[in-house]
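Welcome, and thanks for taking a look at this fold. Have the viewer open as you read, since each section is meant to be followed on screen.

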Amino acid sequence: MDPKRHVIITGSASGLGRALAVEMGHRGWHIALADVDDAGNQETLELVRSAGGSGQSEHLDVTSVDAWKALHDKLHATWPALDILVNNAGVGCAGNVGELPLEDWRWIIDINLYGAIYGCHTMTPWMKQNTRGAHIVNIASMAAIVSVPGMAPYNVTKAGVLSLSETLSGELRPHKIAVTGVCPSFFQTNILENGRFHKPDQRQVANTIMSHAHVSADAIAKKIMRAIDRKRLYVFAPAVAGLFWRLKRVMPRSILRFVAHNYRSRLAAAEADL
């Protein structure tokens with residue numbers, strides 16, 4: 001059987017999507033790079049080819065179900081099968097409930113949550129036809145677990161993505177489709193560049209945390225590849241993310257109080273610096 005896999009990665013123009021594409025390129029896989037950033041996507045495609053893989057750049061707005069259907073029809077007509085779907089496209093947003101404009105809520109829900117829903121809804125029937133099995137990877141976040149104050153829109157979308165992954169795991173197991181929900185904490189990426197922040201101090205807190213992130217997108221991508229190989233449901237990275245997940249199951253109120261206190265301290269420091 002041909003070892004080459006056919007993969008769709010959303011949000012592939014930079015960050016974790018690019019890192020995953022390169023890792024898969026090292027294995028000689030063929031990747032549909034799906035993003036609205038055509039220039040960045042082309043750069044990723046060149047990196048994939050340099051790594052030994054092949055691919056194609058596809059312009060995709062993940063908030064459009066019609067765009068997803070068009071991508072499905074195009075690939076279904078030319079690919080032998082769809083082996084892996086990676087729902088990675090995502091944005092950041094911070095603001096308190098009752099203060100953040102509702103249009104910002106709709107913006108992040110459309111991209112982070114509906115983008116993953118549309119991808120799974122559109123591609124799952126095709127993946128069920130894959131006789132050797134398939135895999136869905138949904139990029140959630142540690143925010144799905146710890147619910148940091150001031151980040152409700154992001155928390156809600158990522159909790160939804162994780163719940164979607166857990167649900168699909170049960171639904172799709174009879175069809176030989178594995179599912180992985182990825183919950184990284186802050187790592188080196190450009191998600192804050194296009195993020196929306198209701199107040200300057202909230203952006204500064206996020207920038208400060210990001211500046212102390214020592215884990216790279218490449219390291220997260222390698223962990224995801226191992227999870228695909230082993231058909232693992234969860235990926236927590238770095239180790240502190242898994243620690244928080246375990247502690248919250250044992251002492252949820254204490255963990256949430258700790259997270260809230262830490263956030264308030266960082267916010268006070270940011271306000272003092274402004």
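The report below starts with the sheet, moves on to the helices, and ends with single residues and backbone details.

## The sheet

Please keep in mind throughout that this is a predicted model. A good place to begin is the open sheet, which has seven strands in the order S3-S2-S1-S4-S6-S7-S9, with parallel pairing. Strand S3 (54-59) and strand S9 (234-237) form the edges, each pairing on one side only. From one strand to the next, the twist averages 15 degrees.

For a closer view of one pairing, turn to strand S2, residues 30-35. Six bridges join S2 to S3 in the parallel sense. Within this part of the model, Ile31 stands opposite Gly55 in S3.

## Helices on the sheet

Helix H1 (residues 15-26) packs on the sheet and touches strand S1 (6-10), S2, strand S4 (84-87) and strand S6 (134-139). The direction of H1 makes about 165 degrees with that of S1. By the cut-off of over 145 degrees, that angle counts as roughly antiparallel.

Helix H6 covers residues 152-172 and lies across S6, strand S7 (177-184) and S9. Its direction runs at about 160 degrees to S7.

## Two helix pairs

How do H1 and helix H8 (residues 217-230) pack, and at what angle? Their axes are 8 Å apart and the angle is about 55 degrees. H1 and H8 are therefore oblique to each other, and their crossing is right-handed. On the H1 side the contact is made by Gly15, Leu16, Ala19, Leu20, Glu23 and Met24. H8 contributes Ala217, Asp218, Ile220, Ala221, Lys222, Ile224, Met225 and Ile228. Sorted by type, the residues of this H1 and H8 contact are ten nonpolar, one polar and three charged.

The other pair is helix H3 (residues 65-78) with helix H4 (residues 102-127). Their axes come within 10 Å and cross at roughly 30 degrees. Angles under 35 degrees count as roughly parallel, so H3 and H4 are roughly parallel to each other. The crossing of H3 and H4 is right-handed. From H3, the contact involves Val65, Trp68, Lys69, Leu71, His72, Leu75 and His76. From H4 come Gly115, Tyr118, Gly119, Thr122, Met123 and Trp126. The residues of the contact of H3 with H4 divide into seven nonpolar, five polar and one charged.

## His72 in the H3 and H4 contact

Is His72 of helix H3 buried or exposed? With a relative accessible area of 17%, His72 is buried, because the cut-off for that class is under 20%. Setting aside neighbours within four places in sequence, His72 is in contact with Thr122, Met123 and Trp126. Those three residues are also listed on the H4 side of the helix contact.

## Leu256 and Ser147

Next, select Leu256, found in helix H10 (residues 252-273). Leu256 is partly exposed, with a relative accessible area of 33%. Apart from neighbours within four places in sequence, its contacts are Val146, Ser147 and Lys248. A link across the chain shows up here too: the C-alpha atoms of Leu256 and Ile145 are separated by 9.4 Å, while the two residues are 111 residues apart along the chain.

Ser147 sits in the loop between helix H5 (143-146) and H6. Its relative accessibility is 37%, so Ser147 counts as partly exposed. Not counting residues up to four places away in sequence, Ser147 touches Asn155 and Leu256. Ser147 and Ile255 are 108 residues apart in sequence, and their C-alpha atoms are 9.9 Å apart in space.

## Backbone details

Ser147 is also worth a look for its backbone: its phi is near 50 degrees, a positive value in a residue other than glycine. Lys231, in the loop between H8 and S9, has a positive phi of about 55 degrees although it is not a glycine. Lys231 is exposed, with a relative accessible area of 58%.

Finally, which form does the peptide bond from Ala237 to Pro238 take? This bond is cis, with omega near -5 degrees. Pro238 lies in the loop between S9 and helix H9 (239-250).

Definitions and conventions: Residues numbered from 1 in each chain as written. Predicted model: local features only at pLDDT ≥ 70, side-chain atom pairs only at ≥ 80, totals over all residues. Heavy atoms only, no water. Pairing = 2+ DSSP bridges. Helix = DSSP H or I, 4+ residues; strand = E, 2+ residues; numbered from the N terminus. Axes fitted to C-alpha atoms, helices over the stretch in contact; angles between N-to-C directions. Contact = heavy atoms within 4.5 Å. Parallel < 35°, antiparallel > 145°, perpendicular 65-115°, else oblique. Left-handed = near helix turned anticlockwise from the far one by under 90°. Nonpolar A, V, L, I, M, F, W, Y, C, P; charged D, E, K, R; others polar. Buried < 20%, exposed > 50% of the residue type's maximum accessible area, 1.4 Å probe, protein only.
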